[in-house]
Amino acid sequence: MLTQDVIDLFRASLVQALVIAGPLLVLALILGVLLGIVQTLMQIQEGTVTMIPKLLLMGIALLILLPWMTEQLVEYSRDVILNIPNIVSRGSP
C-alpha cells in the first residue's frame, strides 16, 4: 500500500463523515440561531430553555435522516472493502 493510497483513503473517509454528519450539523446550527433569536426577542436569559426544543427537533431529524445516513455509510464501506485487493496489489513489489 502506497502512502498516496493511505492519504486518499483518509481524505475519502473525512469527506464521507462530513456528508453523513453535515445535515444534522447544519440543522443544529439553524435551530440554535433561531432559538437564540426567539430567546432574545422574548428577553429570556435562561440557557436551558432552548435545550428541550433542540433535543426534540434533533431527535426527529435523526429519525428521518437515519435511513439515508445508514445507506451512505454502507455504500462507502462496501466500496472500500471491494477495493482492498486493488489497493494492496498496487503497493506490492
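Which residues does Gln-16 touch, not counting residues up to four places away in sequence?

**View 1. Surroundings of Gln-16 in helix 1 of the predicted model.** The structure shown here and in the views that follow is a predicted model. Gln-16 sits in helix 1, which covers residues 3-41, and, once residues up to four places away in sequence are set aside, Gln-72, Leu-73 and Tyr-76 are the residues that Gln-16 touches. Gln-16 has a relative accessible area of 13% and is therefore buried, the cut-off being under 20%.

**View 2. Helix 1 and its kink at Ala-21.** Helix 1 has 39 residues, and the distance from its first C-alpha to its last is 54 Å, close to the 57 Å expected at 1.5 Å a residue. A kink of about 45° lies within helix 1 at Ala-21, shortly before the proline Pro-23. The buried residues of this helix are Asp-5, Gln-16, Ile-20, Gly-22, Leu-24, Leu-31, Leu-35 and Gln-39. After helix 1 comes Gln-43, whose phi is positive, near 55°.

**View 3. Leu-31 of helix 1 and its contacts with Leu-57 and Met-58.** Leu-31 belongs to helix 1 and is buried, because its relative accessible area of 12% falls under the 20% limit. Leaving out residues up to four places away in sequence, Leu-31 touches Leu-57 and Met-58. Pro-53 is 22 residues from Leu-31 in sequence, whereas the C-alpha atoms of Leu-31 and Pro-53 are 8.8 Å apart in space.

**View 4. Met-69 of helix 2 and its contacts, including Ile-20.** Met-69 is found in helix 2, which covers residues 51-82, and its relative accessibility of 12% is why Met-69 counts as buried. When neighbours within four places in sequence are left aside, Met-69 is in contact with Ile-20, Leu-24 and Leu-62. Of these, Ile-20 and Leu-24 also appear among the buried residues of helix 1. Met-69 and Ile-20 are 49 residues apart in sequence, and their C-alpha atoms are 5.6 Å apart in space.

**View 5. A nonpolar surface patch that includes Ile-30.** Val-26, Leu-29, Ile-30, Val-33, Leu-34, Ile-37, Val-38, Leu-41, Met-42, Ile-44 and Val-49 make a nonpolar surface patch of about 1000 Å². One of these residues, Ile-30, lies in helix 1, and Ile-30 is partly exposed because its relative accessible area of 44% lies between the limits of 20% and 50%. Leu-31, the next residue in sequence, is by contrast buried, with a relative accessible area of 12%.

**View 6. The salt bridge between Arg-11 and Asp-8.** A search of the whole structure finds two salt bridges, one of which joins Arg-11 to Asp-8, with the closest N and O atoms 3.4 Å apart. Both residues lie in helix 1, where Arg-11 and Asp-8 are three residues apart, about one turn of the helix. An α-helix has 3.6 residues a turn, so residues three or four places apart point the same way. Arg-11 is partly exposed, with a relative accessible area of 47%, and Asp-8 also counts as partly exposed, at 35% relative accessibility.

**View 7. The salt bridge between Asp-79 and Arg-78.** Side chains of opposite charge can pair when their charged atoms come close. In this view the side chains of Asp-79 and Arg-78 meet in a salt bridge, at 3.6 Å from N to O. Asp-79 counts as partly exposed at 32% relative accessibility, and Arg-78 is likewise partly exposed, with a relative accessible area of 46%.

Key: Residues are numbered from 1 along each chain as its sequence is written. This is a predicted model: local features need pLDDT of at least 70, side-chain atom pairs count only at pLDDT 80 or more; totals for chains, interfaces and linings use all residues. Side-chain values use heavy atoms; hydrogens and water are left out. Helices (H or I, at least four residues) and strands (E, at least two) are DSSP runs, numbered from the N terminus. Buried means under 20% relative accessible area, exposed over 50%, partly exposed in between (1.4 Å probe, protein chains only). Contact means heavy atoms within 4.5 Å. Patches are made of residues with over 30% relative accessible area and no salt bridge: like charges are joined within 9 Å, nonpolar side chains (Val, Leu, Ile, Met, Phe, Trp, Tyr) within 5 Å. Accessible areas come from the Shrake-Rupley method with a 1.4 Å probe; for residues, only the protein chains shown count as cover. A salt bridge is a side-chain nitrogen of Lys or Arg within 4 Å of a carboxyl oxygen of Asp or Glu. The expected span of a helix is 1.5 Å times one less than its number of residues. The bend at a residue is the angle between axes fitted to the seven residues ending there and the seven starting there.
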